[in-house]
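Hi there,

Here is the structure I promised to pass on. Have a look when you get a moment; my notes follow below it.

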Amino acid sequence: MGASFALALFGFAALAVAMRRHHADLLGTDPSRLRRAALRAVGALLLAASYGLVWHAWGAVIGTIGWFCLATMGAIGVVVVLTVAGLASRRGKSDGARRSRSAESGADSATTSAAPVREAAR
Amino acid sequence: MKRSFRLSMQWLHTWTGAVSGLILFLVFFNGTAAYFKQEITTWMEPQITAAIDPVKSVVAAQAFLTANTSDAEAWTISVPDARRPVADVSWRFRSDAQARDDDDGRLRPGRSVMIDSRGYPLAVNDTEGGNYFFQFHFAFHYLPLFVGSIIVGLASLALMVALTTGVIIHRRIFADFFTFRPANGPRSWLDAHTTFAVLALPFHMMITYTGVAILAFFFMPWAVFANYSSAQAFFSDLAPRPHAAALSGIVAPLVPITSVLQSAEAQWRGGRAATIHVTNPGDASATIEIVRRQSALLVGGRGDTLTFNGATGALVRGPSNPSAAAIASSVVFSLHEAHFANPALRWLLFLCGTTGTAMTATGSILWAERRRRKLPNPVGGPKGFRLLETLNVAIIAGYPAATAAYFWSNRLLPASIQGRSNGEILCSFACWGVFLVWSALRPKRKAWVEVLGVGSFLFLALPVANAVTTSRGTIASLIGGDALYIGFDAVCLALGLLLGASAVWTGRRLSSHAGPPVDAPDSSVSLSVPKGSE
């Protein structure tokens, strides 16, 4: 159970770091395409392993119910960690925070500006 | 077209949420507590101490029932387990047959006792215990069952709509999956609301759907009307109670129930018994019905009941083959009530329930915050808005505090007073009423701080009150490894700290409050901010 929760937590952490915004918040750099793909794969694998563990421990039915709860708690744990880390780094950088945030969102919209258009076209 | 669809969904989400939000807060809060219904009841009966041996307690229960109620029509013995370390015993006399029992199968006082392992009735507090939370979460305690269930059912339907539309209008559902932006006005409330909603969405969907399905007969009774002459006939088919056969008049002592219990548990290969129903004890027509406890099985309950001859101990009826509809109904009830849950899963479900509570609370606060921004003067506002704010304070901050008052009154009310269980509930509602009046009269932000502060104090001081009034304080239970008391104190501490932190945070905003915080120009009220997505 504990191990399964840890796997879910790290799995979601990997998925979060694979996103540009959180990568920039935590590590200060923009991740490469390969790196993002790798992080996503690792995250998915960890989540699958977490599911497998609960399945093994509690059986298919109860294990599935339990895993959804575990995964929820893991994802909320990641949100808490990211929020605390974001607050800490913002405090560290003092007024630099606002600048970096606007730069990051600029990079975000520059690289994926086509996305809403594509979505609307669908 | 797309834009207007999204906007209309936004409108639907806002209004279904606004109308049902505070009702659903109460449903989630009480429903979450009801996951630990048995544990709360046991905590509120501090005379119940160590776990007792199931077999010994069944022997003792049979001895007690034979000595005191041998002419009863039926006995019910609940077999103790880790959650409920005492044998609850109830009985029904033949003359009771016409007088209907309570809806949830409880018998009137004087017809049920708890048996300790020596066979003596335990003298415990008269308390509603955790059943209060269970009952409140679909019928609001003082409302008639039918009215309460209709209100909760409609609110649950609204929640289904709100969850679905919420997913539709949340355009950045994956991009903002892990995003929480603190200290950012309504944006932060929105982030919190979506975080609690999206991350626990499987749980919310499951609990809402099963909740609506359980209450479905209140909305769509026509299938019942078409097939049954009375509601009573339907309910007795839905949850069959052992039916006492006609007395044979031949005296035949009941076999030891434990021997029947053992053969049932042997047949289940490790399965445990939950409840034992005996009919016509002492007569040749006696039956002993053993109901299996749900553990690793989602489906079970009705299909897993064995019936034995009470005079010979022979198996009369094996497990029945329930119909597909019965299995489906059983799954729906099981998923909602989680009788199958082991302790770890129970805690997980409890935590998921708290996310639902948080989702409805943040949603209601978010709605009020946004409306405040539209007001010409952010202090005061029209009557309707003030009522909304008052209800927010009285329910979101006030109800948890009233719950703490319920536990306090359990520890402080003298054991001897008449109708003690109602007294506890009355204390809780009286406190709630005071909070309601208080939050109506005070400036709203101050009322938030004050009611949250009182709730925080009540929860933080509850372990102290427990330590003073019982011999099972935090230190003693930590030394003795008393999981129930440790867990209860821990939840009190967590709730107290949470409410206290909210009070401090609201107070800080109050002192540094010089007009509403400046917000991003995107008005941030629309979930569908067109921005780059991940």
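Over all chains, a search of the whole structure turns up 17 salt bridges. Please keep in mind that this is a predicted model. One of the pairs is within chain B, where the side chains of Glu45(B) and Arg84(B) meet at 3.1 Å, N to O. That pair links distant parts of the chain, with the two residues 39 apart in sequence. Glu45(B) sits in the loop between α2 (37–43) and α3 (54–68) of chain B, while Arg84(B) belongs to the loop between β1 (74–78) and β2 (87–92) of chain B.

Between chain A and chain B the count is one salt bridge. There, the side chains of Arg21(A) and Asp176(B) come together at 2.9 Å, N to O. As a reminder, side chains of opposite charge can pair when their charged atoms come close. Polar contacts across this interface amount to four residue pairs, both residues being at pLDDT 80 or more.

On chain A's side of the interface, the elements giving two or more residues are α1 (2–17), α2 (20–27), α3 (33–58), α4 (60–93) and α6 (114–121) of chain A. Of these, α4(A) gives the most, with 16 residues. Sorted by type, the chain A residues that touch chain B are 22 nonpolar, five polar and six charged.

Now for the contact as a whole. Chain A brings 33 residues to it and chain B brings 34 residues. The area buried between the two chains is about 2,800 Å², and carbon and sulfur atoms give 71% of that. In chain A, the residues losing the most area to chain B are Met19(A), Arg21(A) and Ile62(A), which together make up 19% of what that side buries. Arg21(A) therefore appears twice in these notes, as it is also the chain A partner in the salt bridge with Asp176(B), a side-chain nitrogen within 4 Å of a carboxyl oxygen.

Two more places in chain B may interest you. Leu143(B), Phe146(B), Val147(B) and Ile151(B) form a nonpolar patch on the surface, with about 310 Å² of accessible area together. Phe146(B) lies in helix α5 (residues 145–169) of chain B.

The other is Leu413(B), found in the loop between α14 (383–412) and α15 (420–441) of chain B. Leaving aside residues up to four places away in sequence, Leu413(B) touches Arg420(B), Gly423(B) and Glu424(B). Its C-alpha atom and that of Gly423(B), 10 residues apart along the chain, are separated by 8.1 Å.

Best wishes

Definitions and conventions: Residues numbered from 1 in each chain as written. Chains lettered and ligands numbered in written order. Predicted model: local features only at pLDDT ≥ 70, side-chain atom pairs only at ≥ 80, totals over all residues. Heavy atoms only, no water. Contact = heavy atoms within 4.5 Å. Buried area = accessible area lost by both parts, 1.4 Å probe. Polar contact = N/O pair within 3.5 Å; in protein donor to acceptor, adjacent residues only side chain to side chain. Helix = DSSP H or I, 4+ residues; strand = E, 2+ residues; numbered from the N terminus. Nonpolar A, V, L, I, M, F, W, Y, C, P; charged D, E, K, R; others polar. Patch = residues over 30% accessible without salt bridge, like charges linked within 9 Å, V, L, I, M, F, W, Y side chains within 5 Å. Areas by Shrake-Rupley, 256 points an atom, 1.4 Å probe, with all protein chains shown as cover.
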